[in-house]
Amino acid sequence: MDTRLRDKVCMITGASGGIGREIARLFAEEGALLVLQGNTQFAGLQEFVRENGWGERTLCLQYDVSDRNACFDAARQGADRFGRLDVCVANAGRWPKEDVSFEQMSEERLRSTLDSNLFGAAFTAQAFIAELARSGPREDQDGASLVFTGSTAARFGERDHADYSISKAAMYGMVRTLKNEISRIDPYARVNLVEPGWTMTHMARPALQDDDTVRNVVKTLGLRQIARATDIARTVAFLSSPALARHISGEALTVAGGDRKCVV
């Protein structure tokens, strides 16, 4: 099935992580042009791109998404390189592994998580929409797409990780507001949210090495399995596709195996 992502310019933040790499891989397979952001694992991202031979069809940029100016500079560099931006996946984020109850959580940790997850996503969205306003909509009416990577922690909460839950819960408001704003620039543009549950990535792997944690995770799932990064990537590609999801906007699509509640 044709996703119509071929030759679309797709900006993906957090492309050096497990889910981000799979999103980049799948978009590349669909023939997209890639603008990939990495930060602390940037060298690994560059090697990943070289190994796959994506070269001229990919621009790798190293910056911190919590830096608003850097986000705007990156969006401009991507548009200058490939002519415009068509798709943005605001995927960058962090999950602090230490369990800390909310009343004991330091200001530094709370601000750090919000800066990375919430403000990083907001600045990325601002930069993308600003570039869309500069270039205008595509003449072929394949509308732009902005997809946020959220989390089921936003819906169910996550004990001792309130900072993470807060940062992801705020994305609901962004999605449902921006869907009404972006269409003033591009009448076919869409904004959506992918809401993964526990997913086997480098970031989550240490926690999922514990058998008790895995048992707690899967006992509330209709599908008794941990998601793979490719499961999330395919959902992002679906929502980004102007062919497959042209009439879907302002929605949160949960990819969590039928999770009913979080007990971890």
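How many helices and strands does the protein have? The protein contains 9 helices and 9 strands, where helices (H or I, at least four residues) and strands (E, at least two) are DSSP runs numbered from the N terminus. This is a predicted model, in which local features need pLDDT of at least 70, side-chain atom pairs count only at pLDDT 80 or more, and totals for chains, interfaces and linings use all residues. Residues are numbered from 1 along each chain as its sequence is written, and side-chain values use heavy atoms, with hydrogens and water left out.

## Overall character

Of the 264 residues of the protein, 52% count as buried; buried means under 20% relative accessible area, exposed over 50%, and partly exposed in between (1.4 Å probe, protein chains only). The accessible surface comes to about 12300 Å², and carbon and sulfur atoms account for 47% of that surface. These areas come from the Shrake-Rupley method with a 1.4 Å probe, and for residues only the protein chains shown count as cover. Contact means heavy atoms within 4.5 Å. Among contacts between residues at least 6 apart in sequence, 74% join residues at least 24 apart.

## Helix α2

Helix α2 spans residues 42-52 and includes Val-49. Val-49 counts as buried because its relative accessibility is 7%. Leaving aside neighbours within four places in sequence, Val-49 is in contact with Leu-36, Trp-54, Gly-55, Thr-58 and Cys-60. Val-49 and Arg-25 are 24 residues apart in sequence, with their C-alpha atoms 9.2 Å apart in space.

The same helix carries a salt bridge between Arg-50 and Glu-47. These two residues are separated by about one helical turn, because they stand 3 residues apart in helix α2. Arg-50 is exposed, at a relative accessible area of 55%, whereas Glu-47 is partly exposed at 33%.

## Salt bridges

Side chains of opposite charge can pair when their charged atoms come close. The structure holds 15 salt bridges, a salt bridge being a side-chain nitrogen of Lys or Arg within 4 Å of a carboxyl oxygen of Asp or Glu. Three of them are listed below with the distance between N and O atoms.

| Basic residue | Acidic residue | N to O distance |
|---|---|---|
| Arg-50 | Glu-47 | 2.8 Å |
| Arg-138 | Asp-86 | 3.3 Å |
| Arg-138 | Asp-140 | 3.0 Å |

Arg-138 thus appears with Asp-86 and with Asp-140. The side chains of Asp-86 and Arg-138 meet in a salt bridge. This pair links distant parts of the chain, 52 residues apart: Asp-86 lies in the loop between α3 and β4 (87-90), and Arg-138 in the loop between α4 (107-135) and β5 (145-149). Asp-86 is buried, with a relative accessible area of 3%, while Arg-138 is partly exposed at 23%. Asp-140 is partly exposed as well, with a relative accessible area of 41%. Elsewhere, salt bridges that share partners join Arg-76, Asp-80, Glu-131 and Arg-134 into one network.

## A patch of negative charge

Asp-64, Asp-67, Asp-73 and Asp-115 gather in a patch of negative charge on the surface. Patches are made of residues with over 30% relative accessible area and no salt bridge; like charges are joined within 9 Å, and nonpolar side chains (Val, Leu, Ile, Met, Phe, Trp, Tyr) within 5 Å. Asp and Glu count as negative and Lys and Arg as positive, while His and the chain ends are not counted. The place of a charge is taken as NZ of Lys, CZ of Arg, CG of Asp or CD of Glu. Within this patch, Asp-64 lies in the loop between β3 (58-62) and α3 (68-82). Asp-64 counts as partly exposed, at 36% relative accessibility.

## Backbone with positive phi

Arg-4, in the segment before β1 (9-12), has a phi near 60°, a positive value in a residue other than glycine. Arg-4 is partly exposed, with a relative accessible area of 34%. Gln-141, in the loop between α4 and β5, has a positive phi near 65°. Gln-141 is partly exposed at 49%.

## Helix α9

Phe-238 lies in helix α9, residues 229-240, and is partly exposed with a relative accessible area of 28%. Apart from neighbours within four places in sequence, Phe-238 is in contact with Leu-244, Ala-245, Ile-248 and Leu-253. Phe-238 and Leu-5 are 233 residues apart in sequence, yet 9.9 Å apart in space, C-alpha to C-alpha.
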